[in-house]
Amino acid sequence: MHVYIVDDEPELLTSLAILLRRAGHEVAGFATANAFLSVADDLPLGCVLLDLHLPDLSGLQVQTRLNEAECGHPVVLLTGAGDVPDAVAAMRAGALDFIRKPYRAAELHEALERADAALELARERRRRAKRLVALERLSLREREVLAALAHGGPSKTVAYDLGISVRTVEMHRANILKKLDVPNIGAALLMAQAGNMLNLQ
């Protein structure tokens with residue numbers, strides 16, 4: 001799993017990175033909130049270990065920015081002893097968990113396990129969003145052809161029903177497969193069904 005540590009304490013950042021790499025995670029560290037936020041949307045989905053008190057932005061502000069950008073990275077907050085009210089507020093804003101400093105390794109690993117489950121949900125949301133974007137690239141005629149193909153008839157029947165040539169149906173069929181990046185029309189129909197696009201008459 002990718003883990004992004006955002007903390008301005010060099011010793012803590014280094015020790016956390018060593019611990020997590022030993023556990024098999026891919027780790028990147030950031031000393032400021034803005035350094036992380038500037039690349040957050042381009043990073044592979046991963047868990048963010050986020051300090052509540054950073055020199056440029058607070059953990060709550062970072063949480064808000066991540067929510068607005070819809071990056072999908074689950075956040076686990078690193079907090080001091082007196083930060084519990086702020087940590088609770090961040091969790092209400094969407095943070096997954098919070099860990100008090102000095103952290104315990106077992107507690108950290110438990111939080112990362114929860115983050116891993118949350119990441120799978122985030123990946124599925126990204127896959128769904130990608131499918132919807134691809135479907136939106138279809139022209140109206142391509143959507144009509146796809147909807148007609150959903151009834152299981154041959155290209156000749158689809159051509160007759162839509163008042164176009166068989167060759168034109170085949171052209172649209174090829175364009176649909178290319179735009180949706182799928183190997184066959186069955187896969188295209190599954191995508192269209194998931195995107196509620198098979199309601200054309």
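In which sense do strand β1 and strand β2 pair, and over how many bridges? Keep that in mind as you open the viewer, and remember throughout that this is a predicted model.

**Stop 1: two strands and a crossover**

Select residues 2-6, which are strand β1, and then residues 26-30, which are strand β2. The two run in the parallel sense and share five bridges. For a closer look at the pairing, pick Y4: standing opposite Y4 is A28 of β2. Now add residues 10-22, helix α1, to the selection. Follow the chain from β1 through α1 into β2 and you have traced a β-α-β crossover, a right-handed one.

**Stop 2: the aromatic cluster**

Stay on Y4 and show its side chain. Then bring up F30 and F36 as well, because these three residues make up one aromatic cluster, with pairs counted when ring centres lie within 6.5 Å. The count of aromatic pairs comes to two.

Look first at Y4 with F36. Their rings sit 6.2 Å apart, centre to centre, with 40 degrees between the planes, so this pair goes down as tilted. Zoom out a little to see what the pair links: Y4 belongs to strand β1, while F36 is in helix α2 (residues 33-37), and the two are 32 residues apart.

Next, turn to F30 with F36. Here the centres are 5.3 Å apart and the planes make 65 degrees, which is an edge-to-face arrangement.

Are these three rings buried or exposed? Switch on a surface and check: Y4 has a relative accessible area of 3%, so it is buried. F36 is buried too, at 0%. F30 has 13%, and because the cut-off for buried is under 20%, F30 also counts as buried.

**Stop 3: a loop residue and its contacts**

Jump to L96, in the loop between α4 (84-92) and β5 (97-100). With 27% relative accessibility, L96 is partly exposed. Setting aside neighbours within four places in sequence, you can light up its contacts: P74, V75, V76, M91, A111, R114, A115 and A118. While you are here, draw a distance from the C-alpha of L96 to the C-alpha of C47; it should read 9.5 Å, for residues 49 places apart along the chain.

**Stop 4: a cis peptide bond**

Move along to K101 and P102. The peptide bond from K101 to P102 is cis, and its omega is near -10 degrees. P102 itself is placed in the loop between β5 and α5 (105-136).

**Stop 5: two helices that cross**

Select residues 155-162 for helix α7 and residues 166-180 for helix α8. Their axes come within 8 Å and cross at roughly 105 degrees, so α7 is roughly perpendicular to α8. To see who makes the contact, show S155, K156, V158 and A159 on the α7 side, then V166, V169, E170 and R173 on the α8 side.

**Stop 6: two residues with positive phi**

Which residues have a positive phi of about 55 degrees without being glycine? Pick E70, then D181. E70 is in the loop between α3 (59-69) and β4 (75-79), and with a relative accessible area of 68% E70 is exposed. D181 lies in the loop between α8 and α9 (185-194). D181 is exposed as well, at 71%.

Definitions and conventions. Residues numbered from 1 in each chain as written. Predicted model: local features only at pLDDT ≥ 70, side-chain atom pairs only at ≥ 80, totals over all residues. Heavy atoms only, no water. Pairing = 2+ DSSP bridges. Helix = DSSP H or I, 4+ residues; strand = E, 2+ residues; numbered from the N terminus. Right-handed = clockwise from strand over helix to strand, strands pointing away. Phe/Tyr/Trp six-rings, centres within 6.5 Å; stacked < 30°, edge-to-face > 60°. Buried < 20%, exposed > 50% of the residue type's maximum accessible area, 1.4 Å probe, protein only. Axes fitted to C-alpha atoms, helices over the stretch in contact; angles between N-to-C directions. Parallel < 35°, antiparallel > 145°, perpendicular 65-115°, else oblique. Contact = heavy atoms within 4.5 Å.
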